[in-house]
Amino acid sequence: MDLLNAVVVLSNYVLIPALAYGSQLALGALGVTLIYGILRFSNFAHGDTMAFGAMVTILVTWLFQGWGISLGPLPTALLAIPFGIAATAALLLTTDRLVYRFYRQQKAAPVILVIVSMGVMFVMNGLVRFIIGPNDQRFSDGERFIISAREFKKLTGLSEGLAFKTTQGITIVTAVIVVVALFWFLNRTRTGKSMRAFSDNEDLALLSGINPDRVVMVTWLIVAGLAATAGALYGLDKSFKPFIYLQLLLPIFAAAVVGGLGNPLGAIAGGFVIAFSEVLITYPLKKVLGYLLPDRFEPDTLVQLLSTDYKFAVSFTILIIVLLFRPTGLFKGKSV
Amino acid sequence: MTINYKNIGLFFLVACLILGTGFVQSWNTALFILNMGLVSAIMALGVNLQWGFAGLFNVGIMGFVALGGLAAVLISMPPTTEAWAAGGLRVILGIVLGAATVTTAILVQLRMAAGPARTLTTIAILIGGFFLYRAVFDGGVAAVEAVDAAGTGYLGGLNFGGASYKDWGFMTLISWPVGGLLAAGVAWLIGKTALGLRSDYLAIATLGISEIIIAVMKNEDWLSRGVKNVIGLPRPVPYEIELQESAGFIEHTTALGLDPVTSSSIVVKLGYAGLFSIVLVIVLILAQLALASPWGRMMRAIRDNEEAAEAMGKNVTARHLQIFILGSAICGVAGAMMTTLDSQLTPSSYQPLRFTFLVWVMVIVGGSGNNFGSVLGGFLIFFLWVQVEPMGAILMQILTSGMAEDNVLRLHLLDSVAHMRLLTMGLILILVLRFAPKGLIPEK
């Protein structure tokens, strides 16, 4: 019984939140990694791209709520995400046409593109704040819990409850669907294969008649889908504030680099590595250990390795350690 | 040497912009822009040293600026004697233990033969050391933070002026070079570990490290009071109230027909401007000398072709470390100066958009590789940073003048003027990179 209680506490406070957060990070990191693999630069504007996608989703959600359209127990935002994706795609294609294409044709050094993306980050950040303002926005509706702590206790008779939020469930399910679809696309379709070929060896891909403009366009479209979905899910699960997405850029980069920049599989693994270590290292283990250890060893402190405020610091420490020992990440990333 | 009229014209233009602010808005605003422009110019010089001279992509400027600010507190505030008595030694012992753990682990990595034995020993040392460090350190921190948490709750600084520590304003001047040293020390640590990385990875690593520095400053209350902020740092210039109470000052100002209250704050700001100008001139002269020296030539050679420079026997890694430390130290000095100007340290105010990316905009717009360009960029971009908002407000008033008073769109546009700042900065950066990639004052 004690063992079960310990597992439930751990699931409630560590496993489920980390799984949801890891899914959001993985979706973000996939976008970063695709841009790095195909367009060959680290996109500093990715966090704000996510914010833009989330913002459009929120606006459309409000519109739907105003019209009385809803999904019953599910949040209305799910209906609005496709609109968020479409708007983000339009934004990214415009940005590419106006800004990035010039440097691609010039064959500019990757580092110049990074600096350019800093400018794009400023503009997108300003745009989002300009349209929706800098404040916290709530847009979740429908059922709050798939199972609440009280129901779980009644159901199992355990003394610890397990709460599973709808948004967490949706995040995890959506992430799985998106990742499966992405891998199917990259491995099975013609366009996907040409994208991988382009990423592996640009010259060879060009020689074999792959149209680079098309590859670039498809990449931005996929990135728009990933970014808007990740942004909306994060906003739904936590809360939407424009500046939070700038902060989120850092763990996303960490996830992509830890997994190996340019490697989609690595991005997913990296996302979960970062999420689990952030949550686990800053979680006070007192209650879990209290159930597991015999009474006289029960800890009298919180048994928290680091204070919660160091969440982001944890992801960077992991990032730096990985960079030092495996400069191309856990899975083999590419180097420019 | 030929006189470059275009460059002189650009500097003249910026001077006119700031003077114009004085005439149109207020001299207080103009002097605020001037002072922050001076500080920004110094930061931009530091970044230009790293990026313009050596091609090092450092996106962690915020961290070094914040370290400078920390130095200002640690030097110029009085020590909290009770806190030192309660847990000061224990905190220091904890830090020493932590450092010893890391050093031992590094030594083991260097001395032992590679293999599972080495890995296991390292892990054992790190884990054991961590718990030992926490056991000693946590108690000390709790003791320090318990001392008058509402008023101090931190160890304080090195100002031994006692009750009249505010008269020891010169301590803040000492903190400026100390800020540089502190930033240099941390830059050495970071450089030793991260400089082997390629440009993209280096950028992400420095970005992360600067966030860690801010996280530490926000949460380690014993060090700098964390988010409770340290306020009322001593000043190297007189206080407005002192001037207003001084008979001589009132006599002088009334003789000139000025209001003593306004003019006292202007005199104080001018005092800062004088001190900051001295620092800027020193840094600028040193940077110019460095650029023209064989050392500067070598740096540019490394920047332009790392492999060729290495083949010619230049130690690229060592040179990169050197210039990383120098550039970061300059940012540290600027950070200490800024905290002195604010006379308070607020760790939560450090945002990467403002303290890292904006400095990058200054360097790129000014012209990377040219010191005068960085100085110009520092002043111009900070001027815009302050003035875009009022300019945007005027623009919006004109744009919406045809709409009804209570039009929703009109109200929203007027409300959102504050956010035009980031948009404009981004547009400037993108446009400059596209149409004048060498910046306003290109490298020679």
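Start by selecting B:Asn229, which sits in the loop between H8 and S1 of chain B. What you have open is a predicted model, and every stop on this tour should be read with that in mind.

**First stop: the loop between H8 and S1**

With B:Asn229 highlighted, look at its backbone, where phi is near 65 degrees, a positive value in a residue other than glycine. Is B:Asn229 buried or exposed? Its relative accessible area is 17%, and because buried means under 20%, B:Asn229 counts as buried.

Now select B:Arg225, which is placed in the loop between helix H8 (221-224) and strand S1 (230-231) of chain B. B:Arg225 also has a positive phi, about 65 degrees, although it is not a glycine. The relative accessibility of B:Arg225 is 9%, so this residue counts as buried.

**Second stop: helix H16**

Move along chain B and select residues 371-399, which form helix H16, and within that helix pick out B:Gly373. B:Gly373 has a relative accessibility of 0% and therefore counts as buried. Which residues does B:Gly373 touch, if those up to four places away in sequence are not counted? They are B:Gly366, B:Gly367 and B:Ile441. For a distance to check in the viewer, add B:Leu341 to the selection: it lies 32 residues from B:Gly373 in sequence, and the two C-alpha atoms are 24 Å apart in space.

**Third stop: the nonpolar cores**

Next, select B:Ile381 and show its surroundings, where, leaving out residues up to four places away in sequence, it touches B:Leu358, B:Val361, B:Met362, B:Val365, B:Met425 and B:Ile428. B:Ile381 belongs to the largest nonpolar core, which has 222 residues, and it is one of those that touch the most other members. Others in that group are A:Phe44 and A:Phe240 from chain A, together with B:Phe57, B:Tyr350, B:Phe357 and B:Trp360 from chain B. A second core, separate from this one, has 8 residues, and you can find it by selecting A:Ala18, A:Val279, A:Val288 and A:Tyr291, which are among its members.

**Fourth stop: chain A as a whole**

Zoom out and select chain A, whose secondary structure comes to 13 helices and 2 strands. Its C-alpha atoms fill a box of roughly 70 × 55 × 40 Å, taken along the principal axes. The radius of gyration of chain A is 21 Å, which agrees with the value near 20 Å that a compact globule of 336 residues would have. Of those 336 residues, 57% count as buried. If you colour chain A by charge, you will be looking at 26 positive and 18 negative charges, and the mean positions of the two sets are 8 Å apart.

**Last stop: chain B as a whole**

Finally, select chain B, where there are 18 helices and 2 strands. Its radius of gyration is 25 Å, close to the 22 Å that the globule rule gives for 444 residues, so chain B is as compact as a globular protein of that length. The C-alpha atoms of chain B fill a box of roughly 75 × 60 × 55 Å along the principal axes, and 51% of its 444 residues count as buried. When you turn on the surface, the accessible area of chain B comes to about 19700 Å², of which 70% belongs to carbon and sulfur atoms. Colouring chain B by charge brings out 24 positive and 24 negative side chains, with the centres of the two sets 13 Å apart.

Conventions. Residues are numbered from 1 along each chain as its sequence is written. Chains are lettered from A and ligands numbered from 1 in the order in which they are written. This is a predicted model: local features need pLDDT of at least 70, side-chain atom pairs count only at pLDDT 80 or more; totals for chains, interfaces and linings use all residues. Side-chain values use heavy atoms; hydrogens and water are left out. Helices (H or I, at least four residues) and strands (E, at least two) are DSSP runs, numbered from the N terminus. Buried means under 20% relative accessible area, exposed over 50%, partly exposed in between (1.4 Å probe, protein chains only). Contact means heavy atoms within 4.5 Å. A nonpolar core is a set of buried Ala, Val, Leu, Ile, Met, Phe, Trp, Tyr and Cys residues joined through side-chain atoms within 4.5 Å. The radius of gyration is taken over C-alpha atoms; the globule rule is 2.2 Å times the number of residues to the power 0.38. Lys and Arg count as positive and Asp and Glu as negative; His and the chain ends are not counted. The place of a charge is taken as NZ of Lys, CZ of Arg, CG of Asp or CD of Glu. Accessible areas come from the Shrake-Rupley method with a 1.4 Å probe; for residues, only the protein chains shown count as cover.
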